[in-house]
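User: I would like to learn how to read the main features of a folded chain. Could you guide me through one example, step by step?

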Amino acid sequence: MKENTKNARINVRSITFTAALVFVFTYTFKIPFVNGYTHIGDSMIFLAIVFLGYKKAPLAAGIGAGLADLIGGYSAWVAPTFIIKFFMALICALIMEKVIKNNRIVGYVVGSILGGAWQIVAYTVVKIFLFDKAYAFSSLPTLAIQTVVGIVVAAVFIVVFDKTKITAKLKKKVG
């Protein structure tokens, strides 16, 4: 019984810490554009997938990104962001862990591209309903850049962490 309590505490702690990283990198490192802003919070989501996996990373992604919208004054976006980021992380993690599990790098690349594509399409659809087609399609380049930058920044962290053996230590710690 004591072991289950400890594991639950570690799970809650790792999800909370990761959600905080997603929040900080989304809320703090913003680049304003005419039609909103872009950020590097997605890099923390893609990184979380490697460390937390498909059971924990989606929740951390949704909470952290949704909180950034809430605190940032974009309350209409909290629910769509939570759902979109949750499924972006879930898609990426499931592809990496279940579909292409024999090659983590290929799994990450394919998963992050498909998860990123989901994000782009989902945000565009929500913008069509909240605003109009012109606004939704005009924000596609910004959203695509944000997604690609997130994938690349996370990939750099993953490579550095793998080479310095940090990945193994972190995975053991958040297990």
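**Reading a predicted model**

Analyst: Let us begin with a single residue: Ile71 has a relative accessible area of 47%, so Ile71 is partly exposed. Please keep in mind that the model is predicted. Ile71 belongs to helix H3.

User: Which residues make the nonpolar surface patch of about 340 Å²?

Analyst: Ile71 makes this patch together with Tyr27, Leu67 and Leu70. Helix H3, which spans residues 57–71, gives the most to the patch, with three residues.

User: How many helices and strands does the chain have?

Analyst: The secondary structure comes to eight helices and two strands. Followed along the sequence, these elements give the pattern α-β-β-α-α-α-α-α-α-α. One may then ask how much of the chain is covered: 43% of its 175 residues count as buried.

User: How is the packing of two helices described?

Analyst: Two values are used, namely the angle between the axes of the packed helices and the distance between those axes. Here, helix H5 (residues 104–130) packs with helix H7 (residues 140–163) at an angle of about 155°, and their axes are 10 Å apart. An angle over 145 degrees counts as roughly antiparallel, and H5 is therefore roughly antiparallel to H7.

User: What is the handedness of the crossing of H5 and H7?

Analyst: The crossing of these two helices is right-handed. One residue to look at in H7 is Val152. With a relative accessibility of 45%, Val152 counts as partly exposed. Its C-alpha atom is 9.6 Å from that of Val109, although the two residues are 43 apart in sequence.

User: Why can charged side chains pair?

Analyst: Side chains of opposite charge can pair when their charged atoms come close. A salt bridge is counted when a side-chain nitrogen of Lys or Arg is within 4 Å of a carboxyl oxygen of Asp or Glu. By this rule the chain has two salt bridges.

User: Where in the chain do Asp42 and Lys85 lie, and how far apart are their closest N and O atoms?

Analyst: The closest N and O atoms of Asp42 and Lys85 are 2.4 Å apart, and the two residues form a salt bridge. Asp42 lies in helix H2 (residues 41–52) and Lys85 in helix H4 (residues 78–99); the pair links distant parts of the chain, 43 residues apart.

User: Are Asp42 and Lys85 buried or exposed?

Analyst: The cut-off for buried is under 20% relative accessible area. Asp42 has 0% relative accessibility, so Asp42 counts as buried. Lys85, at 2%, counts as buried.

User: Which residue forms a salt bridge with Arg104?

Analyst: The partner of Arg104 is Asp162, with 2.2 Å from N to O. Because Arg104 lies in helix H5 and Asp162 in helix H7, this pair ties together parts that are 58 residues apart in sequence. Arg104 is partly exposed, with a relative accessible area of 28%, and Asp162 is partly exposed, with 30%.

User: How far apart in space are the C-alpha atoms of Ala93 and Tyr54?

Analyst: This case shows how to compare sequence with space. Ala93 is found in helix H4, and Ala93 counts as buried because its relative accessibility is 0%. Along the chain Ala93 and Tyr54 are 39 residues apart, yet 4.9 Å separates their C-alpha atoms.

Key
Residues numbered from 1 in each chain as written. Predicted model: local features only at pLDDT ≥ 70, side-chain atom pairs only at ≥ 80, totals over all residues. Heavy atoms only, no water. Patch = residues over 30% accessible without salt bridge, like charges linked within 9 Å, V, L, I, M, F, W, Y side chains within 5 Å. Areas by Shrake-Rupley, 256 points an atom, 1.4 Å probe, with all protein chains shown as cover. Helix = DSSP H or I, 4+ residues; strand = E, 2+ residues; numbered from the N terminus. Buried < 20%, exposed > 50% of the residue type's maximum accessible area, 1.4 Å probe, protein only. Axes fitted to C-alpha atoms, helices over the stretch in contact; angles between N-to-C directions. Parallel < 35°, antiparallel > 145°, perpendicular 65-115°, else oblique. Left-handed = near helix turned anticlockwise from the far one by under 90°.
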